[in-house]
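Grab a pencil and open the viewer. Here are some exercises, each with a worked solution to check yourself against.

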Amino acid sequence: PTAAPGAERAVRPTLDEPFRGSPAAGWADGADGITVPAARATGWMDTAQVERALRRSKEFMVAAGLDPGVLRGKRPERAVALLSPHQRDVREYLRAALSSAPPTEETDPLLLFSRFRPDQAELVGDVVKTRGRLTYREGERGAVEVTADVTFVYPVTPAAGDGGADAEVIRTIVRREVVMSWDDPSKVITEPNTMSLVSYSVDMTNGGCSGPTGYFVPPFGTTDEQPDSASRLDPYDRSEPVGTATGAGGCATATRS
């Protein structure tokens, strides 16, 4: 995209229509919103191998950002299984991020995984709207380097709500860029069907900005997440790189949600 999507009529989301008044209303549901390019022989892989690498890269994004159990706070087992066990820094991050200890900005599991506390927020319905794509190129030592750039829109309501017609609905909006390297096993120690992480960054709005907790914390009962001096971001604008407004792991106040 070369610009942000046009403005929608400002209407309040409801339990029956959690995406109304949002550009995401016209987006695809779940994994269908993550597009995958045609495969071609690249680096050490032939066309069929590149196709598998792209499929597994999409599986990682789905497991990390759409798995119903993970969204409710469970361990992201399927996503972790796709990560190389030989990448020491990632192993250390996962050990810290998925432990019971409070996370830091460097060990926040939200850098890679989407999670809500089930006693604080619950998803409205079964649909998460997405828009994003995978691209790929030849990386270091002939690896196939896949970049995923995906925006997830999660409609949530307070867990303690009575479910009435006036229940509050907030959309937590997360855009992630994850760069994955499918390495040549003749040059890099790896395991079959696993990849290395090159980088990961996130833009987040309506997910809490008071410090890492390991979970998104939608600002129920408030009108603004941060003071006016904070970074402001149109979470539906995919024309700029991730982190342009917030930095590699920051959050911002949404100019619209």
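**Aromatic pairs**

Running the ring-pair rule over this model, which is a predicted one, gives six aromatic pairs.

**Exercise 1.** Classify the ring pair formed by tryptophan 27 and tyrosine 236, and place both residues along the chain.

*Solution.*
- Start with the geometry: the ring centres are 5.7 Å apart and the planes make an angle of 80°.
- Now apply the cut-off: plane angles over 60 degrees count as edge-to-face, so the pair of tryptophan 27 and tyrosine 236 is edge-to-face.
- Next, the chain positions: tryptophan 27 belongs to the segment before strand 1 (28-29), while tyrosine 236 is in the loop between strand 8 (232-233) and strand 9 (251-254).
- That puts the two partners 209 residues apart, so this pair links distant parts of the chain.
- Last, check exposure: tryptophan 27 and tyrosine 236 are both buried.

**Exercise 2.** Do the same for tyrosine 154 and phenylalanine 216.

*Solution.*
- The centres of the two rings are 6.2 Å apart, with the planes at 35°, so this pair counts as tilted.
- Tyrosine 154 is in strand 5 (residues 144-158), and phenylalanine 216 sits in the loop between strand 7 (196-205) and strand 8.
- With their positions 62 residues apart, they too connect distant parts of the chain.
- Both tyrosine 154 and phenylalanine 216 are buried.
- Zoom out a bit: ring pairs join Phe116, Phe152, Tyr154 and Phe216 into a cluster.

**Exercise 3.** Which residues touch the most other members of the largest nonpolar core?

*Solution.*
- The core holds 49 residues, and the ones to pick out are Phe60, Met61, Tyr154 and Met180.
- Take methionine 61: leaving out residues up to four places away in sequence, its contacts are Ile34, Leu66, Ala148, Val150, Phe152, Arg176, Val178 and Met180.
- Apart from the largest core there is another one, of six residues, including Phe19, Trp27, Val153 and Tyr236.

**Exercise 4.** Find the rings that the charged ends of arginine 117 and lysine 129 sit over.

*Solution.*
- For arginine 117, go to tyrosine 215: the charged end sits over that ring, 5.6 Å from its centre.
- For lysine 129, the ring is that of phenylalanine 19, with the charged end 5.7 Å from the ring centre.

**Exercise 5.** Where do arginine 141 and asparagine 193 lie, and what is phi for each?

*Solution.*
- Arginine 141 is in the loop between strand 4 (129-138) and strand 5, and its phi is positive, about 55°, although it is not a glycine.
- Asparagine 193 is in the loop between strand 6 (170-182) and strand 7, with a positive phi near 65°.
- Asparagine 193 is partly exposed, its relative accessible area being 41%.

Technical notes. Residues are numbered from 1 along each chain as its sequence is written. This is a predicted model: local features need pLDDT of at least 70, side-chain atom pairs count only at pLDDT 80 or more; totals for chains, interfaces and linings use all residues. Side-chain values use heavy atoms; hydrogens and water are left out. A nonpolar core is a set of buried Ala, Val, Leu, Ile, Met, Phe, Trp, Tyr and Cys residues joined through side-chain atoms within 4.5 Å. Buried means under 20% relative accessible area, exposed over 50%, partly exposed in between (1.4 Å probe, protein chains only). Contact means heavy atoms within 4.5 Å. Rings of Phe, Tyr and Trp (its six-membered ring) pair if their centres lie within 6.5 Å; planes under 30 degrees apart count as stacked, over 60 as edge-to-face and the rest as tilted. Helices (H or I, at least four residues) and strands (E, at least two) are DSSP runs, numbered from the N terminus. A charge sits over a ring if NZ of Lys or CZ of Arg is within 6 Å of the ring centre and within 35 degrees of the ring normal.
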